[in-house]
Amino acid sequence: MEDLLHGSWDLFIDFIEFFILAGIFILVHMFIYDKYVQRKHALLINYPVIGRMRYLFEALREPLRQYFADEKFYESKDKVDWVYKAAKDLPNYQSFSVNQPFSGSRFVIKHSSSVLNEEEVDKDTSVVFGKDREHPFTSITPIIRSAMSDGALSPEAVRAFSIAGATSDLTINTGEGSLTSNHLFTLKPDLKNCNYLEIVKKTPYAEFMFKVGDFFFNRKVALKWYRNILLNKSTQNTYIYDTASHVLFRVNWNAPIEEFPKEVPESLPNMIFQMSSGLYGVRDKEGNFDELRYQKTMKFCRMTEIKIAQGAKQTGGKLAAAKVTADIAYYRGVPEGENVFSPNRFPYANTTEELLEFVERLQKLSQKPVGFKIVISDAAAVEELAEAILKRKEAGKSIPDFITVDSGEGGSATAPLELMESVGLTTNNALYVLDTILKQYKIRKDIKIIASGKILTPDDAIITMCMGADAIGIARGFMMSGGCIRARMCSGFGSHVCPVGLATQDEKKRASYLVVKEGKEIGNYHKNLIKSMKVVLAVMGVKSIKDLDKKHLTFKNRNGEIYFDIDLYFRQKLHI
């Protein structure tokens, strides 16, 4: 070993002049090019070579920001650390104090002088939607993974979330990209009763090559070979491999509806189908709403959410051409390799009454709960909506089973900068407006509220539920628990893609994503959220999440003023 090191050093000494001359030649070449050839950057004309440092540091700023700067997006980096530790199921305790002390205005949770022991807190955390529907939906916990589409996420990431949903009772919102094969990753098909599936059976040669690939490489390589042998077509990844029977399967949407499952298969996670303005997954060849396809889709989902608006994206959803693979084109019914921009307005929501009529139409078709997702920026608009709902109730017509309210600061992988945080109220303000107005019109008990937007930790969830939410939608926290390092390269429109294979269709990056491992960690995050929410409830002296109310909160504003009555603060602030 010592002789090898000495030999390498002698070789370097012998050729050091060459390396120096090569370096000088490259620098001279760059100087001439920057100064006299290129005409794209004035900076490089005035400062050749050294001016390139500006672009280097600019490129490094975002990836390195989270490591060397204070946390700016959340109240404290401790919240971010809590998510990562919870996902790995590590002890989540802090010494001394938080790294970035909370400043400015914030909510304070009121504790009880007679706290409960944790075992005294009610184990039932379920939330029932559409109690009067033929098929109500009971979410086992109040936590819902917010809408994130297959397409925006990689197929592997969707499969990981499906595993987490099936193993930890996490409710999954499909996102506007429709219900895909990857959402059905945990499905255990009954080969004696599967006429609703396209089945590709194994062959001896395919089985042999699978074993070879699995032995010498890994399961992902083996499955790739297996699909290539049995399918050999561009959409082969839309088929799921069943480990028990070794068949490949996907839904046969042309099968008669009578062949589809009468009940949602138990092996699947509880899923909410999100319908967007593009009607992906439930539209015909002309792009119009297909009632029969919708009914078939709802054989796998528990309820429907109509997407009217989302966080920073009051425009229609956007998917870059780089993400529209053959698989995504198949799922959505769109051309492969072209940008997919959904219409801004939902086609059946030209008026409030038309939207509510469409909600009733879906309720009758699916016999399951139906609601819609909005962003709030005006109390008058909410009053108009509440008045229309009340009139329908008084007339004996159907009304929405739930409303999802998203924060104006809610995230989006692809949204116009000019709309981010400039349109829509923040979570608690929007939630207060919606909850208060629904109560004023005496329809609050008929409608569940799901709230989302920058919710990460158990205290965030408890505060949001105290403010009136029946359930919580979380996107970023679940992304982080699933491996996201917040590189902010999700959109697919830039020159870089998600470096961990979570939010990209790039095959090389996707190949590194560990589906089973990340699925377990996503489930850990969900379980630890619920576990720690019960810890907070015990300290509050509250036995059930259903008993949470604004009276359990105190508010401190930036001036240090304390409001023990939350309603007093918001009435002064929002004037409603």
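This is a working chat about helix packing, cores and loops in a predicted model.

Trainee: Let's start with the cores. How many residues does the largest nonpolar core have?

Mentor: It has 114 residues. Remember that this is a predicted model.

Trainee: Which residues have the most contacts inside that core?

Mentor: Met 275 and Tyr 294. The largest share of this core comes from helix 17, residues 515-540, which supplies 10 residues.

Trainee: What does Met 275 contact, leaving aside neighbours within four places in sequence?

Mentor: Quite a list. Met 275 is in contact with Val 282, Phe 289, Tyr 294, Thr 304 and Glu 305, among others. The list also includes Ile 306, Lys 307, Phe 346, Phe 358 and Leu 362.

Trainee: And what lies apart from the largest core?

Mentor: Another core, of 11 residues. Val 200, Ala 222, Leu 230 and Leu 248 are among them.

Trainee: Why would such residues gather at all?

Mentor: In soluble globular proteins, nonpolar side chains tend to be buried together.

Trainee: Back to helix 17. At what angle does helix 14 pack against helix 17?

Mentor: About 60°, with the axes 8 Å apart. That angle makes helix 14 oblique to helix 17. The crossing is right-handed.

Trainee: Which residues make that contact?

Mentor: From helix 14, Pro 458, Ala 461, Ile 462, Met 465 and Cys 466. From helix 17, Leu 529, Ser 532, Met 533, Val 536, Leu 537 and Met 540.

Trainee: How do they divide into nonpolar, polar and charged?

Mentor: There are 10 nonpolar residues, one polar and no charged.

Trainee: Next pair. How do the axes of helix 7 and helix 8 cross?

Mentor: Helix 7 is residues 204-216 and helix 8 is residues 219-230. Their axes come within 7 Å and cross at roughly 160°. So helix 7 is roughly antiparallel to helix 8. Helix 7 passes helix 8 in a right-handed crossing.

Trainee: Who makes the contact on each side?

Mentor: Helix 7 brings Tyr 205, Ala 206, Glu 207, Met 209, Phe 210, Val 212, Gly 213 and Asp 214. Helix 8 brings Arg 219, Ala 222, Leu 223, Trp 225, Tyr 226, Ile 229 and Leu 230. By class, that contact has 11 nonpolar residues, one polar and three charged. Ala 222 and Leu 230 also belong to the core of 11 residues.

Trainee: What about helix 13 and helix 18?

Mentor: Helix 13 is residues 427-440, and helix 18 is residues 566-574. Their axes come within 11 Å and cross at roughly 95°. That makes helix 13 roughly perpendicular to helix 18.

Trainee: Which residues meet there?

Mentor: Asn 428, Asn 429, Tyr 432 and Val 433 in helix 13 meet Asp 567, Phe 570, Arg 571, Lys 573 and Leu 574 in helix 18. The contact has four nonpolar, two polar and three charged residues.

Trainee: Staying in helix 18, is Ile 566 buried or exposed?

Mentor: Buried, with a relative accessible area of 2%. Not counting residues up to four places away in sequence, Ile 566 touches Phe 107, Met 467, Lys 550, Leu 553, Thr 554 and Phe 555. Phe 555 is 11 residues away along the chain, and the C-alpha atoms of the two are separated by 6.6 Å.

Trainee: Now loops. Where does Gly 278 lie?

Mentor: In the loop between strand 9 (271-275) and helix 9 (291-297). Gly 278 counts as buried, at 5% relative accessibility. Leaving aside neighbours within four places, its contacts are Arg 283, Ser 342 and Pro 343. Gly 278 and Phe 341 are 63 residues apart in sequence, yet 8.2 Å apart in space, C-alpha to C-alpha.

Trainee: Which loop holds Lys 454?

Mentor: The loop between strand 15 (448-452) and helix 14 (458-466). Phi of Lys 454 is near 60°, a positive value in a residue other than glycine. Most residues other than glycine have a negative phi. Lys 454 counts as partly exposed, at 24% relative accessibility.

Trainee: And Leu 456, buried or exposed?

Mentor: Buried, at 1% relative accessibility. Leu 456 is also found in the loop between strand 15 and helix 14.

Trainee: Last one. What is phi at Gln 367?

Mentor: Near 60°, so positive in a residue other than glycine. Gln 367 lies in the loop between helix 11 (352-366) and strand 13 (370-375). Gln 367 is partly exposed, with a relative accessible area of 34%.

Key:
Residues numbered from 1 in each chain as written. Predicted model: local features only at pLDDT ≥ 70, side-chain atom pairs only at ≥ 80, totals over all residues. Heavy atoms only, no water. Axes fitted to C-alpha atoms, helices over the stretch in contact; angles between N-to-C directions. Helix = DSSP H or I, 4+ residues; strand = E, 2+ residues; numbered from the N terminus. Parallel < 35°, antiparallel > 145°, perpendicular 65-115°, else oblique. Left-handed = near helix turned anticlockwise from the far one by under 90°. Contact = heavy atoms within 4.5 Å. Nonpolar A, V, L, I, M, F, W, Y, C, P; charged D, E, K, R; others polar. Buried < 20%, exposed > 50% of the residue type's maximum accessible area, 1.4 Å probe, protein only. Core = buried A, V, L, I, M, F, W, Y, C linked by side-chain atoms within 4.5 Å.
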